[in-house]
Amino acid sequence: MNFIDTADVYSEGESETLVGGALASLARPREQLIVATKVRGRTGPGPNQLGLSRSHIHASIDASLRRLKLDFVDLYQIHGVDKDTPIEETVRALDDVVRSGKVRYVGFSNLPAWLAMKAIAYADANGLARFQSGQVYYSIAGRDIEREIVPLAEDQKLAILPWSPLAGGLLSGKFDPDKPGPAGARRTTFDFPPVDRARLPTVLTALRQVSKETDASVARIALAWQLTRPFVTSVIIGAKSKEQLADNLAAVEVKLSPAQIATLDAASALAPEYPGWMVSWQNRDPRLPETK
């Protein structure tokens with residue numbers, strides 16, 4: 001592992017402080033590490049301690065660097081939508097922190113595709129630092145980004161960094177298709193991110209089938225499937241124990257067969273949605289017979 005992602009609002013800054021202490025104790029060469037953090041959430045009671053304004057971005061990067069004990073972060077990501085700040089102001093503020101040397105690259109998290117594209121177009125038109133990545137929720141139980149965000153990323157050459165690839169623990173192997181969740185599990189007490197519960201049993205059944213075929217854990221299969229997606233650059237895992245971390249990392253060693261990938265794809269496929277189905281229909285191969 002060489003990529004560590006955090007945010008200034010995780011445990012009110014304590015996450016960055018712990019990461020900074022850990023990096024200092026490891027004493028690895030800085031060029032061997034990729035450190036990412038985020039800005040948007042409330043960091044204090046004041047009116048300028050929230051959002052994506054120039055004021056909050058400049059104050060937040062300085063505070064994040066102090067907690068991380070770093071001179072710069074490799075990736076600085078806006079952590080969602082700020083309806084009160086024009087995206088143009090945000091883009092210029094991000095360019096400021098890049099030019100200052102405090103940030104190497106910028107990215108976004110949890111933006112709709114249209115707003116991310118608006119920001120990219122503004123940056124390109126004005127010679128400003130543009131988004132290089134999108135950190136978005138993506139799992140085999142939640143493939144919504146394939147509708148709009150993935151086409152944007154592929155067109156604009158953006159890295160996709162999925163968060164919650166195990167759907168908040170639903171794909172950890174602890175949950176059965178037809179049984180309630182185990183007591184004490186995170187998903188049992190905090191039902192997030194939202195998942196289409198009607199489709200979930202089919203997904204879990206397919207994961208368990210492939211898990212048996214490969215002698216790998218359900219969680220490992222869910223991560224291995226995600227690694228087959230050509231648009232995924234790196235998967236952000238959040239293990240609670242060394243054992244979970246070791247199992248998650250072992251996903252890179254799982255080699256799914258084309259048949260197994262097809263099984264998982266079919267079980268988790270998105271329902272057709274307009275205008276996607278119209279685009280597919282209008283661009284169908286006219287030499288093939290129509291299906292109903």
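The following paragraphs examine helix packing, salt bridges, backbone geometry and one strand residue in a predicted model.

Helix packing comes first. Two packed helices are described by the angle between their axes and the distance between the axes. For helix α3 (residues 87–99) and helix α4 (residues 113–126), the angle is about 55° and the axes lie 10 Å apart. Angles under 35 degrees count as roughly parallel, and those from 65 to 115 as roughly perpendicular; α3 and α4 are therefore oblique to each other. The crossing of α3 over α4 is right-handed. On the α3 side, the contact is made by I87, E88, V91 and R92, and on the α4 side by L115, K118, A119, Y122, A123 and N126. Sorted by class, this contact of α3 with α4 comprises six nonpolar, one polar and three charged residues.

A second pair of helices is formed by helix α7 (residues 200–214) and α10, whose residue range is 258–268. Their packing angle is about 165°, with the axes 8 Å apart. Since angles over 145 degrees count as roughly antiparallel, α7 and α10 are roughly antiparallel to each other. Here α7 passes α10 in a left-handed crossing. From α7, the residues T202, V203, A206, L207, Q209, V210, E213 and T214 take part in the contact, and they meet Q260, T263, L264, A267 and S268 of α10. The contact of α7 with α10 has six nonpolar, six polar and one charged residues by class.

Attention now turns to charged side chains. Side chains of opposite charge can pair when their charged atoms come close. The structure holds 10 salt bridges, among them a pair between K102 and D62, with an N to O distance of 2.8 Å. This pair links distant parts of the chain, 40 residues apart: K102 belongs to the loop between α3 and β4 (103–109), whereas D62 belongs to helix α2 (residues 54–68). K102 has a relative accessibility of 25% and therefore counts as partly exposed. D62, at 30% relative accessibility, is likewise classed as partly exposed.

Helix α10 also carries a salt-bridge partner, for the side chain of D265 meets that of R229 at 3.1 Å, N to O. D265 lies in α10 and R229 in the loop between α8 (218–227) and α9 (242–249), so the salt bridge ties together parts that are 36 residues apart in sequence. How do the two partners stand with respect to solvent accessibility, buried or partly exposed? With 23% relative accessibility, D265 is partly exposed. R229 has a relative accessible area of 11% and is buried, because the cut-off for burial is under 20%. Another of the salt bridges joins D124 and R130, whose closest N and O atoms are 2.9 Å apart. D124 is partly exposed, its relative accessible area being 44%.

The backbone has several features of its own. Most residues other than glycine have a negative phi, and most peptide bonds are trans. In N110, which is not a glycine, phi is positive, near 65°. N110 is located in the loop between β4 and α4, and its relative accessibility of 36% makes it partly exposed. S164, also not a glycine, has a positive phi of about 50°. The loop that holds S164 runs between β6 (159–163) and α6 (186–189). S164 has a relative accessibility of 17% and therefore counts as buried. A cis peptide bond is found between Y274 and P275, with omega about 5°. P275 lies in the loop between α10 and α11 (276–282).

The last site is S133, a residue of strand β5 (residues 131–137). What is the relative accessibility of S133? The value is 4%, so S133 counts as buried. Leaving aside residues up to four places away in sequence, S133 touches L75, V106, G107, F108, L158, A159 and L161.

Technical notes: Residues are numbered from 1 along each chain as its sequence is written. This is a predicted model: local features need pLDDT of at least 70, side-chain atom pairs count only at pLDDT 80 or more; totals for chains, interfaces and linings use all residues. Side-chain values use heavy atoms; hydrogens and water are left out. Axes are lines fitted to C-alpha atoms, for helices over the stretch in contact, and angles run from 0 to 180 degrees between N-to-C directions. Helices (H or I, at least four residues) and strands (E, at least two) are DSSP runs, numbered from the N terminus. A crossing is left-handed if the near helix is turned anticlockwise from the far one by less than a right angle, and right-handed if clockwise. Contact means heavy atoms within 4.5 Å. Ala, Val, Leu, Ile, Met, Phe, Trp, Tyr, Cys and Pro count as nonpolar, Asp, Glu, Lys and Arg as charged, and the others, Gly among them, as polar. A salt bridge is a side-chain nitrogen of Lys or Arg within 4 Å of a carboxyl oxygen of Asp or Glu. Buried means under 20% relative accessible area, exposed over 50%, partly exposed in between (1.4 Å probe, protein chains only).
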